[in-house]
Amino acid sequence: MTEPAYTVVSDSETAGAEKSSSAFPEIAIGIDIGSSQCSLAVWNGSEVEVLRNTRNEKIMQSYVSFKEEVPTGGVSSQLAHEHEMLSGAAIFNIKRLIGRVDTDPVVHASKSLPFLVQTLDIGVRPFMAALVNNVWRSTTPEEVLAIFLVELRAMAEVQLKRPVTNVVLTIPASFSRFQLTRIERSCAMAGLHVLRLMPEPTAVALLYAQQQQEAVHENMGSGNEKIALIFNLGAGYCDVAVTATAGGVSQIKSLAGGSVGGEDILQNTMRYLLPNYDSLFSNHGVDEIKSSALLRVATQNAIHNLSSQTSVKIDVDLGNGMKISKVVNREEFETVNRKVFEKCEILIRRCLHDAKVEVDDLSDVILVGGCSNIPKVRNLLMNECKKEELYRGMNALEAPVCGAALEGAVASGISDPFGNLDLLTIQATPLSIGIRADGDNFVPIILRNTAMPARRDMVFTTGHDNQTEALIVVYEGDEAEIKENHLLGYFKISGIPPSPKGVPEINVCMDIDVANVLRVLVGVMRPGNQQPVTPLIEVRMPTVDDGHVWCAEALQKTYGSTLDLITLQQNTALL
Amino acid sequence: MYCDALVSGSTLLFSLSSKHTLLSLQRSTPNHYLGLSETRLFGSTRTTRAAINDGSVKPVSEMTLYELLGIPQTVTLPEIKQAYKELARKFHPDVSPPHLVEEYTQRFIEVQEAYETLSDPRRRAMYDRDMARGLRLAFSARKMCKYDEEIEDRSEWKSRWQNQLSELKRRSMYKDARKDLSWAAQVRRQRNESSVES
């Protein structure tokens, strides 16, 4: 067995390296870490193979237990019983917690989980801990994910009989760049190098592109461009993508995502069964954890059964005289979770709108993810897309990891003599990136759903007479309210020649490379002859770690509007 | 290695953004900002070394969007899409030869922008009209977003979307919202059709 090795790579994180130029490039493996389940796949030279663990499982549970001296995860260890994961000693749903601060509603929703999630509501990372021998032992989301990744890496190395360092990971489309750096940090802790972080539905889109390409080769498909909508509802996140596919190229036309998923459905249903659920379990006593685990397992089973039955009877003794005996039918279940389904519908519409695609243009509608068996999910998707049926050619649980493995092979520079790897994904930015300007406004420079790699620039000017310095404050998001967006970093540009306001030209350029690395370049230009006055400043973002809420407030408090920028209306040379 | 690429990449931003420097491509002179003409610095309009394959020496900055995609002005939308995908397969950094990644990335961004204008019937019609009026519509002149109205478009959508959201929250009936959307879709289609005709 390989020793689980923690090697922390440099501070510059890991992304950004290009494909290796050696004669035998290492084929990157594909990993799909879900909030509740995970899997691992690799291109084996002729096709994608989903690897199995020692218990012959392809789909493993995502959790790490701190019960033993050496923490163990769902890849290597076997749970004696489902309740063991819910004893407080195991941490799961880590993808819902990583890179979030304690003011985030998703973190608050995690406080009812059996392990400890503490929030102080001041915009810092939440405190989390596992219960071991009646002691709450603290850990971090990055550490938990790293332990889990080390197990996955060991499993892959044993089976592939070679060292594994390069990976392609699937991620939710709604993840901010800050969250991506946390994922990269975990990978670095596990000695893994991230070749690509791929939004889940875009991995599915690549698999779809390959399937269409195969159909063309077998003369079954037309070879014309096909447009597909991919909808992924997992335990923690909902993602939608629209892809246009032809000749093995998957062009992502739009992405939309939100932190809503099976966990919300589960919690809503638990609260429906036990209305005072939150107050009962808020103290995390040993008995309380036990009762909440019983309720959680019973509810989970009921939801599964409701996918095939129209009603289900729940009979569970929670101890301490608490008993639940209730019949729940499918209609009630759908009413309880109405908001979750509405959010899904909104994401689908937004994605279609952004792609400038009408439902009639859709050749296929693909449903994947752990919630894909829920009848309401299928119905709402078919309804929104006005389709009688959904695409059948994919395994709903394995599709993302297979796509990630394909991307791993393509991005590693592997080619296949039969043309099965003549594939390409043209990714799109899921969120807009811009700066604070024109007062307290967010001015996007790279809009969401811009094809990557991308480079865009915009010219700004000063807001005050004789202003010689300006603050460049970079945000990511799509909210009009700047505070609602995510602060990526900030720096000051100085040496602006004193002149009346509105005269100096400050050019802000944003560059995203193929590995999704963002760089911001800023230069002060001499109006008229366009030469930079001072050396440029180039910053790789994000630079802000924790406490992004604080930083923005502190900047505002210290500088107010004194270093503000205003967008400069450009006149084209042409007109 | 990556760092090197970036340094010379940002040099590119400067030394290549003008026609004057085209003939003497000097990537290794970072502090040498030569004769920058009307083209904006940093613009997505840096000039790379002409169409790489077609034997012509015409610099990208002087190519029309059609020339950039290597297609005649008469092509249909499916042909534009096909040309775009073929060029993407060539220039996208995931599939380009390692020593050409930097140069091809630049080409990819240019091809992408040409495609975005030409694949939108309304924007293509505007571009064609200007070309017919004899304006020299080189890639570099395109720069200012005469043909992109994305920002407006999206903020309009955003407010509509938020209205929908509150609507949904209030009534949890999505029939109305859907009616809204299909109305918007109709308007969009009408707009597209009329711009194709014009």
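In this predicted model, helix H3 (residues 141–160) of chain A and helix H4 (residues 177–189) of chain A have axes that come within 8 Å and cross at roughly 50°. That angle makes H3(A) oblique to H4(A), since values between 35 and 65 degrees fall outside both the roughly parallel and the roughly perpendicular ranges. As for handedness, H3(A) goes past H4(A) in a right-handed crossing.

A second helix pair in chain A involves helix H10 (residues 338–355) and H11(A), which pack at an angle of about 30° with their axes 10 Å apart. With the cut-off for roughly parallel set at under 35 degrees, H10(A) and H11(A) are therefore roughly parallel to each other. Here too the handedness can be read off: H10(A) passes H11(A) in a right-handed crossing.

H11(A) is worth a look in its own right. The helix spans residues 375–385 of chain A, and eight of its 11 residues are buried, so H11(A) is largely enclosed by the rest of the structure. Nonpolar names on the buried list include A:Val377, A:Leu380, A:Leu381 and A:Met382. A:Lys376 and A:Glu384 are on that list as well, as are A:Pro375 and A:Cys385. "Buried" here means a relative accessible area under 20%.

Right after H11(A) comes A:Lys386, with a positive phi near 50°. This residue is not a glycine, yet its phi is positive all the same. A:Lys386 sits in the loop between H11 and helix H12 (399–411) of chain A. While A:Cys385 is among the buried residues of H11(A), A:Lys386 counts as exposed, because its relative accessibility is 55% and the cut-off for exposed is over 50%.

Another non-glycine residue with a positive phi is A:Asn134, where the angle is near 65°. A:Asn134 also belongs to a loop, this one between strand S9 (127–132) and strand S10 (135–139) of chain A. At 64% relative accessibility, A:Asn134 counts as exposed.

On the backbone side, chain A also has cis peptide bonds ahead of proline. One runs from A:Met452 to A:Pro453, with omega near -5°. A:Pro453 is placed in the loop between strand S21 (441–446) and strand S22 (454–462) of chain A. Another cis bond joins A:Met541 and A:Pro542, and there omega is about 0°. A:Pro542 falls in the loop between strand S27 (537–541) and H13 of chain A.

That loop leads on to H13, the helix of chain A that covers residues 548–559 and holds A:Val549. A:Val549 helps form a nonpolar surface patch together with A:Leu120, A:Ile122 and A:Trp550. Taken together, these four side chains' residues have about 390 Å² of accessible area. A:Val549 itself counts as partly exposed, because its relative accessibility is 30%, between the limits for buried and exposed.

Chain B offers a contrasting case in B:Leu65, a residue of helix H2 (residues 65–69) of chain B. B:Leu65 is buried, with a relative accessible area of 0%. Its C-alpha atom is separated by 10.0 Å from that of B:Glu116, a residue 51 positions away along the chain.

How values were computed:
Residues numbered from 1 in each chain as written. Chains lettered and ligands numbered in written order. Predicted model: local features only at pLDDT ≥ 70, side-chain atom pairs only at ≥ 80, totals over all residues. Heavy atoms only, no water. Patch = residues over 30% accessible without salt bridge, like charges linked within 9 Å, V, L, I, M, F, W, Y side chains within 5 Å. Areas by Shrake-Rupley, 256 points an atom, 1.4 Å probe, with all protein chains shown as cover. Helix = DSSP H or I, 4+ residues; strand = E, 2+ residues; numbered from the N terminus. Buried < 20%, exposed > 50% of the residue type's maximum accessible area, 1.4 Å probe, protein only. Axes fitted to C-alpha atoms, helices over the stretch in contact; angles between N-to-C directions. Parallel < 35°, antiparallel > 145°, perpendicular 65-115°, else oblique. Left-handed = near helix turned anticlockwise from the far one by under 90°.
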